[in-house]
Amino acid sequence: MEKTTKILTVDDSRSMRALLRVALLERGYDVAEAEDGVEALEWLETNSADVIITDINMPRLDGFGLIEKVRSSSRHIDRPILVLTTESSDEKKKRARDAGATGWIVKPFDPEKLAAAVRRVAH
Amino acid sequence: MTNDDILNIFFLECEEALAAAETGLMDCREGSASAETVNSIFRSVHSIKGGAGAFGFTALQAFTHKFETVLSFVREGQLPLGEALNGLMLRAFDLLTDHVSAARGEADTPDDTAVSADLEAMAARAEAGEGAEEEAPVAEEIPAPVEDILLDFDLDSLLGDIGGEESSAAEAAPEMGPELDIDALFDAEMAAAEASLAPESDAAPADNDSADWTVLVRPRAGAMANGGDPLLLLRELEALGGKCTAVHHNHVPELADFDAANAYLGFVFQVPASVDEDAIRDIFDFVGDDCGLEVIRGDAGDGFAKMMAPEPEKLVREERPIVAPVAAPVTIAAPAAAPVKVAAPVAAPTPVAVVAKAAPAAPTPATPVAAAPSPAAKPAVTPENAAADAARKATVASGQTIRVDLAKLDRLIDTVGELVIAQAMMAQSLSEHGLGQIDEIGMLDQLTRELQDSAMSIRAQPIGSVFSRVPRIVRELETETGKRVRLEVSGEQTELDKTVVERLGEPLTHLIRNAIDHGLESTETRIANGKSPEGVVKLSAEHRSGKILISIADDGAGINRERVFSKAVEKGLIAPDAQLTDEEIDNLIFAPGFSTAAVVSNISGRGVGMDVVRQNVKDLGGRITIQSNPGRGSVFTLALPLTLAISDGMIVQVGDQTLVVPLTHVVESLRPSTSDLRSMGNGRNMLDVRGTFLPIIELAKPIGAQGAALRPEEAVLIVVETEDAGSAILMVDAILDQRQFVIKSLETNYRPVPCVAGATILGDGKVALILDVDTLVGSAVSYNGGVRLAA
């Protein structure tokens, strides 16, 4: 892979962003961050990411809203999106998939699983 | 960034989340809650839960989970806000605060059994109420499922039409899988009901643990929706050591029917026996039902081999050209990112892409990723105005702030303090050289002061952080005492020094307890006295003439002076026949040893007396006063300095020493007339100040100053008042100046010295000691009534 995979993490929690950043940087990914859906969309207007990792519960624009907006834009329509979820029940997974997520990462995440999840969706 | 750094960030977030949750909960209680209020409480609790999980705070995580469950029901409207629910949420919130403290290691893990049980009961009630609705999508958050659209692809009929010809590609696989009807397996209907396949795998000799895995993968239409790409999943299988042994392509439709968003190929992989089954299944976790998957322990089987065997090479050569976006055999090109119109570029009649390449080459799905069912088609779920509203609130809530290490800040303030001193020294020495009138000096002086003010204001914090703890205390007391209390808070934005804010918590807590426990009457008494059954406690802060005034007022019965008086007599604090003014009686409650068991219940009297409160306030350089009105309540007022680092003082000369007397203590200064002086023997003198005799303390003695005036008549006397030891008079040679000074701690720079509160550097560069007037006077007058100073 000649180009570094760039990942946009979207979470209103600074500590969660920091945990993601540390885990992703260690594995050689580029990381950009946004605090919520609105900021993520603003960032995506002028930038691009190979994978978006987003939390669900966020102020202003939540994860589902972000996915919907991303999926309705022509530039990012097939952008892989991983959602951070605290539950791994089949119902939650279905909900995430139905919302347009490509996959999910169960919090608290294990850095290895995070990397595997990214690998499985990064085009 | 280390884990500890992140942990600290988490704790800061917890503080913010708790503050936000409490604000929201108070709104709920006052009935002014909106949907966004509940949302924000939910988010706060949820974010604490997330971090708690990440950092392994299991007790905190478990508790937040229960709290969150109830909040989610509230958010979804299944639990209407009411008194009982508000009460429970507040109790849960208080416990959550304790749990966070425990996570920080500041407290023991609280016992949450009762509240947890209540939360679970509440959740159970919500579930029972509309149990069936539990999975219903939340209108605000969950977009309508895309499912419907996906199901429009009638996979069954689509695949059924094709059927027929069996052509597969396979790597020469020596060990073959069990007999399997691959076609059936890949049939949508069959695969959808995975359970029905179990007998088939059972039928196969599959109980051999050492056999390689046979993995059958059949992506369906949805597998490529939402940015998914089955190719990546197949690569993961390869990463586990898997090899593609066959590709099943007989479902590939005629070109005219070809849908770029659909998936037509099936793959057979052989994965080493050593790989864990879960590891294989995990790969396909994301695609779920959108990808048929069978993982079978498989021996070689003839039927299987036959089915998959037809020479792969022939197949590849013979097969028609590869469809535009589909990968070339060896390296797998990712499907084009843009939706591709499949029909156009394909020349061949039936687009089939079959890749069967030796070793690690991976097959690729024959379909490019195409436009997933357009999300735009989904109903817009988040109303624009709601989002805008939330955005507005968020903007208001989060001020523009940065976090700075306190040590850095203190260094800045220290340096600015030095600058102020240097500036004063320069001004002084310039004026000694007759250059005092330079304009620039005035400018510099002003700039320095502004710089100092700004630096000090950085350390200033709104008192709200202390006030915010009060509602909880009030709630707890309401429960304990059975009294109803309305708390009115004002002036939360008033700023004062961080250290003062931090140390204010304890005295404030005590005063609040005192106000509710003693100040307010019981509900019955209030009703009997024609008062509102709900007692009012007002907490306010304001900036006034260089000080911060904090008052705690209740509308209760006021201080029962008779009782206080008799208690004080009983305790031997005053003579039974003492003539005291109302104010003096009121102040008796601050006397050390005024144990008020008869008056104080176990709530306020938790080992801390009002004397400790007064001491705390005094340590902060402030004072506390009481105004009490029988039948109408009491007001405790704390007057605190804006900062601990700078203070106003009187610079005095005692022999060869220059000293600073903090201005807070100074009442007046005077030159005595001989007639007002009384010698008490022992070298002790008293001065008659308008009818009251005050002891004169000769500062030269404790300080060890040389050449000071020895007789009061030759000296300047400064009347000072203290908290504990009453008023006294300090005898000095002269008053030099009265100005602000920067306090330097002796304790940090040298060691604590009795009667000295610190030191400062004067304009001429000399160091002057700052007197600790309270200790000085206290020790001077305490020794058998005689003057004895700790020299």
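## Helix H11 of chain B and its cover

Helix H5 (111-121) of chain A helps cover the buried residues of H11(B). The cover also includes strand E2 (213-219), strand E4 (266-271) and helix H12 (277-283), which belong to chain B. This is a predicted model. H11(B) spans residues 230-239, and eight of its ten residues are buried, so the helix is largely enclosed by the rest of the structure.

Which residues of H11(B) are buried? They are B:Pro230, B:Leu231, B:Leu232, B:Leu233, B:Leu234, B:Glu236, B:Leu237 and B:Glu238. Note that B:Glu236 and B:Glu238 are on that list. B:Gly241 follows H11(B) and has a positive phi, near 100°.

## Chain A: overall build

Chain A has five helices and five strands. From the N terminus on, its elements run β-α-β-α-β-α-β-α-β-α. Chain A has 123 residues, and buried residues make up 62% of them. Take the contacts in chain A between residues at least 6 apart in sequence: 63% of these join residues at least 24 apart.

## Chain A: the sheet

The five strands of chain A form an open sheet, in the order E2-E1-E3-E4-E5, with parallel pairing. Strand E2 (30-34) and strand E5 (103-106) stand at the edges. Each has a single partner strand, so one side of each is left without a neighbour in the sheet. On average, neighbouring strands of this sheet are turned by 25° against each other, direction ignored.

At one edge, strand E4 (residues 81-85) of chain A pairs with E5(A) over four bridges, in the parallel sense. A:Leu84 stands opposite A:Ile105 in E5(A). Helix H3 (residues 63-71) of chain A lies across strand E1 (6-10), strand E3 (51-55) and E4 of that chain. H3(A) runs at about 155° to E3(A).

## Aromatic rings in chain B

The structure holds six aromatic pairs over all chains. One is formed by B:Phe10 and B:Phe11; it is tilted, at 5.5 Å centre to centre and 40° between the planes. Both of these residues are buried. How far apart are the ring centres of B:Phe11 and B:Phe57? They are 5.9 Å apart, and the planes are at 35°, so this pair is tilted.

The B:Phe11 and B:Phe57 pair links distant parts of the chain, 46 residues apart. B:Phe11 lies in helix H1 (residues 3-29) of chain B. B:Phe57 lies in the loop between helix H2 (35-54) and helix H3 (58-75) of chain B. Why do both count as buried? Buried means under 20% relative accessible area. B:Phe11 has 6% relative accessibility, so it counts as buried. B:Phe57 has a relative accessible area of 18%, so it is buried too. B:Phe10, B:Phe11, B:Phe55 and B:Phe57 form one aromatic cluster.

A charge also meets a ring in this chain. The charged end of B:Arg75 sits over the ring of B:Phe42, 3.8 Å from its centre.

## Helix H1 against helix H19

H1(B) also packs against helix H19 (residues 470-481) of chain B: the two axes come within 12 Å and cross at roughly 50°. That crossing makes H1(B) oblique to H19(B). From H1(B), the contact is made by B:Glu22, B:Met26 and B:Arg29. H19(B) contributes B:Pro471, B:Arg472, B:Arg475 and B:Glu478.

## Strand E9 of chain B

Strand E9 (residues 534-544) of chain B has pairings in both senses. Seven bridges join it to strand E7 (residues 484-490) of chain B, and these two run parallel. Here B:Arg486 has B:Val536 in E9(B) as its bridge partner.

E9(B) is also joined to strand E10 (residues 547-554) of chain B by eight bridges, running antiparallel. B:Ser540 stands opposite B:Ser551 in E10(B).

## A loop residue: B:Asp656

B:Asp656 sits in the loop between strand E13 (646-654) and strand E14 (657-662) of chain B. Is B:Asp656 buried or partly exposed? At 48% relative accessibility, B:Asp656 counts as partly exposed.

Leaving aside neighbours within four places in sequence, B:Asp656 is in contact with B:Ala705 and B:Gln706. B:Asp656 and B:Gln706 are 50 residues apart along the chain, yet their C-alpha atoms are separated by 5.7 Å.

Methods
Residues numbered from 1 in each chain as written. Chains lettered and ligands numbered in written order. Predicted model: local features only at pLDDT ≥ 70, side-chain atom pairs only at ≥ 80, totals over all residues. Heavy atoms only, no water. Phe/Tyr/Trp six-rings, centres within 6.5 Å; stacked < 30°, edge-to-face > 60°. Buried < 20%, exposed > 50% of the residue type's maximum accessible area, 1.4 Å probe, protein only. Lys NZ or Arg CZ within 6 Å of the ring centre and 35° of its normal. Contact = heavy atoms within 4.5 Å. Pairing = 2+ DSSP bridges. Axes fitted to C-alpha atoms, helices over the stretch in contact; angles between N-to-C directions. Parallel < 35°, antiparallel > 145°, perpendicular 65-115°, else oblique.
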